[in-house]
Amino acid sequence: MIDPKLLRQSAADVAANLARRGFEFDADAYLALDERRKALQVETETLQNERNTSARSIGQAKAKGDDIAPLLAAVKDLGDRLEASEQALQAVQGELTDIELGLPNLLADDVPDGASEDDNLEVRRWGEPAELGFKARDHIELGEGLGQLDFDAASKISGARFVVMTGALARLQRALIQFMLDTHTTEHGYTETYAPYLVRAQALVGTGQLPKFEEDLFKTETETPFYLIPTAEVPVTNLARDMIFDADELPVRHVAHTPCFRSEAGSHGQDTRGMIRQHQFEKVELVQFVAPDASMQALEELTGHAEVILQKLRLPYRVVMLCSGDVGFGSAKTYDIEVWLPGQQKYREISSCSNYNDYQARRMKARRRNPDTGKPELLHTLNGSGVAAGRALIAVMENYQEADGSIRIPEPLLPYMGGLERIEASTS
RNA sequence: GGAGAGAUGGCUGAGUGGUCGAAAGCGCUCCCCUGCUAAGGGAGUAAGGGUUAAAAGCCCUUCGAGGGUUCGAAUCCCUCUCUCUCCGCCA
């Protein structure tokens, strides 16, 4: 959520910033509505004050044993007037809140302008796409050739956009997850965190998926519904909900491995083949809570933490800064890390690292105590994939493939593979 | 699933209709005392919002959430959510 104070004072500036995203914020309508709010609020508070004052004097009169009948008569219709005013105020405030929850975050100044992902700005590259010396297979061909990747089996059980993996390939994904968790906990100072996969609506409002993107989520039909998490960002960031951290407790760094569930509504036809875009996938997520003035630096660091994973695995990648039209709803600035996929001859997103500054914190009242003023203030939240395990698996398969269709195990994963150095076709 | 208890400020925890935004303790901040890695004394210390150019001041709201009773609700009533205890069931 954008600071409502800022909305009021600089509505035109806000609108200009959001316009860079292609988002239209009707500043005049908002300000007009806020004027009504202001008038109603003053009226309501005046009546409340009147009520409080008279209630107090009735109490005092009663204590003295005076006759309170005339006093009661004087406030006879106050209740009705107050109730009408309160209801009108509540309605207007509700409208304002709806608008505010529907606004994306303000973009950081250095986010480049652009309309789509084609306008993203490449920041750096690491590694060279390897010369395989033969025609690269994609992960589907590789996995099915190994007999360890089965989309038909998955569709029998759950339909499209699911996968079944078996044997060494299934283990390889687990190895990747373990490797990532161990790296982030031992080398980057993150606390391993296990959190719920089912969450309440309130948690999703906090991180920004609700109320606007409900159609992207899976929802249970229980009496009070749960939503399946689309990313560990949701439960883990909500650890800061209603918290006031002491200044010396920050930064807080969590790393969590969870499955992620996405309805992929509206993505029909995109990446329908293979396991690039699934309803269910595994991800290792990095989340940080930091002091307000530290978040931009923290974004650089967090992105670097994700990059380390790819570097250790010797997977070529590039980092792009998302342009104004491609930055996610609640993010002020986002770096995507794109890994080289020989099967597609393309860089594909494997991590997205974002600074939300106080946008999520305001929604979930996540604060820290400012050491200088002693007052609570909103902290800043960040998150990034460190990295998506399903896509990392694809990247390893395609980059480590051999001419015969087998897959070498990257060196850092060997300890997690029980001595297996190469995945070959299942004999069964 | 059955029975019961509870949800109060940064934390612990009093408070069952009117000077309660809320005792006390802890923590924190400042001051004093003390020749010292201790102790003692004093003061202050919830958040959000409105009014204001801003501050001060004044006002409003908030004691899990929402509704209700009342001139007046942390306190009474209803609904919901959550937590805990016991029993049952269960990986």
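The following paragraphs describe how a protein surrounds an RNA strand in a predicted model, and then turn to its cysteines and its backbone. In this predicted model, local features need pLDDT of at least 70 and side-chain atom pairs count only at pLDDT 80 or more, while totals for chains, interfaces and linings use all residues. Residues are numbered from 1 along each chain as its sequence is written, chains are lettered from A and ligands numbered from 1 in the order in which they are written, and side-chain values use heavy atoms, with hydrogens and water left out.

The RNA is a suitable starting point. A residue is near the strand if one of its heavy atoms lies within 4 Å of it. There are 24 residues around RNA strand B, and R8, K38, Q48, R51 and R200 come nearest. The residues of this surface comprise 10 charged, seven polar and seven nonpolar ones. Here Asp, Glu, Lys and Arg count as charged, Ala, Val, Leu, Ile, Met, Phe, Trp, Tyr, Cys and Pro as nonpolar, and the others, Gly among them, as polar.

Of the strand B atoms within 4 Å of the protein, 73% belong to sugar or phosphate and the rest to bases. Some bases are approached by particular residues. A backbone N or O atom of A55 lies 2.7 Å from a base nitrogen of RNA strand B. The side chain of K62 has an N or O atom 3.0 Å from a base oxygen of the strand, and that of E45 has one 3.4 Å from a base nitrogen. Two elements, α3 (27–64) and β13 (367–369), each give two or more residues to the surface near RNA strand B; the largest share, 13 residues, comes from α3. Helices (H or I, at least four residues) and strands (E, at least two) are DSSP runs, numbered from the N terminus.

The cysteines form zero disulfides, a disulfide being a pair of cysteine sulfur atoms within 2.5 Å. For C260, the nearest cysteine sulfur, that of C353, is 14 Å away. The sulfur of C323 is not bonded because the closest cysteine sulfur, in C353, is 17 Å away, too far for a bond. C323 is buried, with a relative accessible area of 0%; buried means under 20%, exposed over 50% and partly exposed in between, with a 1.4 Å probe and protein chains only.

The backbone also deserves attention. Most residues other than glycine have a negative phi, and most peptide bonds are trans. A cis peptide bond joins L210 and P211, with omega about 5°, and P211 lies in the loop between α9 (201–207) and β6 (227–228). E264, although not a glycine, has a positive phi of about 55°.

Key. A polar contact is a pair of N or O atoms within 3.5 Å; within protein, one must be able to donate a hydrogen and the other to accept it, and residues adjacent in sequence count only if both atoms are side-chain atoms.
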